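Subject: Handover of a protein structure

Dear colleague,

Please find below the structure that I am handing over to you, together with its sequence. My account of what was found in it follows directly after.

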Amino acid sequence: VTSRWLQRMQASVPTMTTFSSASPSLPLDREKWDDDMLNRLLQLQQPTLRAEMVNFAVEEANAEKLIGFITRPSQPTDIDSKKLQNDESDTTAVARSYRATLFLTGGFDSEFDRLPDKQQAALAHFYGLRGISVLSAIFEAL
């Protein structure tokens with residue numbers, strides 16, 4: 001059953017390729033896939049950094065884009081930059097900035113100590129690896 005499901009998934013997603021039936025599928029255009037993931041993530045009303053997302057978020061390009069949404073909300077990043085430059089309203093940029101901040105802080109209405117342990121661990125891991133980048137971007141934006 002699993003191999004038939006995998007075959008159907010591979011057939012229905014032309015941008016994916018599999019190296020073996022036991023390995024996970026990897027996108028052919030990783031940057032496009034990452035950009036799409038960030039777009040979908042920042043469309044959520046309350047995006048939350050979870051342990052499963054830390055490796056994605058700490059990748060240099062993804063971390064820079066997330067931080068860029070916060071420090072330069074009105075300046076589009078590489079994600080659909082042509083589309084954003086032509087179609088994006090200030091409201092959309094501010095909403096994305098707010099959601100990126102929510103994602104990288106755990107929220108505004110709770111203290112860090114009140115967050116679930118797994119979320120605290122995910123945030124601590126992210127900032128342990130990217131804390132300098134975050135601080136540098138904040139100071140550059142000032």
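Which pattern does the protein follow when read along the sequence? The order is α-β-β-α-α-α-α-α-α, made up of seven helices and two strands. Please bear in mind that this is a predicted model, and that the values below are computed from it.

Overall composition

The protein has 142 residues, of which 34% are buried. Its accessible surface amounts to about 9700 Å², and carbon and sulfur atoms contribute 53% of that surface. Among contacts with a separation of 6 or more, 54% join residues that are 24 or more positions apart.

Aromatic pairs

Two aromatic pairs are present in the structure. In one of them, the ring centres of Trp-33 and Phe-56 are 6.2 Å apart and the planes stand at 85°, so this pair is classed as edge-to-face. Trp-33 belongs to helix α2 and Phe-56 to helix α3 (residues 54-58), so the pair ties together parts separated by 23 residues in sequence. Is each partner buried or partly exposed? Trp-33 counts as partly exposed because its relative accessibility is 31%, whereas Phe-56, at 9%, counts as buried.

Phe-126 and Tyr-127 also form an edge-to-face pair, with 5.1 Å from centre to centre and 90° between the planes. Phe-126 has a relative accessibility of 0% and is therefore buried, while Tyr-127, at 31%, is partly exposed.

Asn-62 and its surroundings

Asn-62 is located in helix α4 (residues 60-71). Buried residues are those under 20% relative accessible area, and Asn-62 qualifies because its value is 1%. What does the side chain of Asn-62 reach at 3.0 Å? The partner is the backbone oxygen of Phe-56, the residue that also pairs with Trp-33. With neighbours within four places in sequence left aside, Asn-62 is in contact with Asp-34, Leu-38, Phe-56 and Ala-57.

Leu-41 and its surroundings

Leu-41 is part of helix α2, which covers residues 30-41. The residue is buried, as its relative accessible area is 7%. Which residues does Leu-41 touch, not counting those up to four places away in sequence? They are Pro-47, Met-53 and Phe-103. Leu-41 and Arg-99 are 58 residues apart along the chain, and their C-alpha atoms are separated by 8.6 Å.

The nonpolar surface patch

On the surface, Leu-135, Ile-138, Phe-139 and Leu-142 make a nonpolar patch of about 460 Å². Leu-142 is found in the segment that comes after α7 (117-141). Is Leu-142 buried or exposed? Its relative accessibility is 77%, and Leu-142 therefore counts as exposed.

When you open the model, I would suggest beginning with the surroundings of Asn-62, where the side chain of Asn-62 and the backbone oxygen of Phe-56 can be viewed together. The pair of Trp-33 and Phe-56 can then be viewed from there, followed by the patch that includes Leu-142.

Yours sincerely

Note on methods:
Residues are numbered from 1 along each chain as its sequence is written. This is a predicted model: local features need pLDDT of at least 70, side-chain atom pairs count only at pLDDT 80 or more; totals for chains, interfaces and linings use all residues. Side-chain values use heavy atoms; hydrogens and water are left out. Patches are made of residues with over 30% relative accessible area and no salt bridge: like charges are joined within 9 Å, nonpolar side chains (Val, Leu, Ile, Met, Phe, Trp, Tyr) within 5 Å. Accessible areas come from the Shrake-Rupley method with a 1.4 Å probe; for residues, only the protein chains shown count as cover. A salt bridge is a side-chain nitrogen of Lys or Arg within 4 Å of a carboxyl oxygen of Asp or Glu. Helices (H or I, at least four residues) and strands (E, at least two) are DSSP runs, numbered from the N terminus. Buried means under 20% relative accessible area, exposed over 50%, partly exposed in between (1.4 Å probe, protein chains only). Contact means heavy atoms within 4.5 Å. A polar contact is a pair of N or O atoms within 3.5 Å; within protein, one must be able to donate a hydrogen and the other to accept it, and residues adjacent in sequence count only if both atoms are side-chain atoms. Rings of Phe, Tyr and Trp (its six-membered ring) pair if their centres lie within 6.5 Å; planes under 30 degrees apart count as stacked, over 60 as edge-to-face and the rest as tilted.
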